[in-house]
Amino acid sequence: MPFEEVSNFFDDSILDYKEGSSRFQKALPKMTQGYFDFTEACFQAGSVGEKEKQLIALGISIYSQDEYCIMYHTKGAVEHGATEEEIMETVAVSAALGGGAAFSQGVTLVMDTFDYYENRAH
């Protein structure tokens, strides 16, 4: 698969999530806004920094096999300065709990998403 098609996959997938969220927000504005406000507050820096919160979310996303969240939180981790080694350690911890399914998501989708957004950041 050419890199351009791969890059479009990641951006298109995140755009799909955002478009789906907008659709929900139109139909259920109060409930959707409450969810958005809650998650935004959860990801603000506190005792735990924003990068670390993105890595935690990534580990949970890998464990739960949530491909949209895997891409979204890998992107978020990169945007908050996560290194390749930090991403790989997050994959390893998730795989320790989630076994082969978590490992396979980590060594494929997570690393492909990391490579894409790391290259875009530089």
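Helices here are DSSP runs of at least four residues, numbered from the N terminus. With that in hand, the tour of this predicted model can start at its largest pocket.

That pocket has a volume of about 610 Å³. Its lining is made up of 21 residues, and those closest to the centre are Tyr17, Thr39, Phe43, Tyr72 and His73. Four helices chip in with at least two lining residues each: α1 (3-27), α2 (29-42), α3 (50-63) and α4 (67-79). The largest share belongs to α4, which brings six residues to the lining. As for chemical character, the lining is a mix, with eight nonpolar, eight polar and five charged residues.

Besides lining the pocket, α4 also packs against α5, and the axes of these two helices come within 9 Å and cross at roughly 60°. The crossing is right-handed. On the α4 side, the residues that meet α5 are Glu67, Ile70, Met71, Thr74, Lys75, Ala77 and Val78. Their partners in α5 are Ile87, Gln105, Leu109, Val110, Thr113, Phe114, Tyr117 and Glu118. Sorted by type, the residues of this contact come out as nine nonpolar, three polar and three charged.

One more residue of α5 deserves a look. Thr90 sits in this helix, which covers residues 84-121. Is Thr90 buried or exposed? Its relative accessible area is 11%, and because buried means under 20%, Thr90 counts as buried. Leaving aside residues up to four places away in sequence, Thr90 touches Leu55, Leu58 and Gly59.

Key: Residues numbered from 1 in each chain as written. Predicted model: local features only at pLDDT ≥ 70, side-chain atom pairs only at ≥ 80, totals over all residues. Heavy atoms only, no water. 1 Å grid on protein atoms, 1.4 Å probe; cavity = no way out; pocket = protein on both sides within 12 Å on 5 of 7 lines; lining within 4 Å. Points joined across faces, edges and corners; volume = space filled by probe spheres on them. Nonpolar A, V, L, I, M, F, W, Y, C, P; charged D, E, K, R; others polar. Buried < 20%, exposed > 50% of the residue type's maximum accessible area, 1.4 Å probe, protein only. Contact = heavy atoms within 4.5 Å. Axes fitted to C-alpha atoms, helices over the stretch in contact; angles between N-to-C directions. Left-handed = near helix turned anticlockwise from the far one by under 90°.
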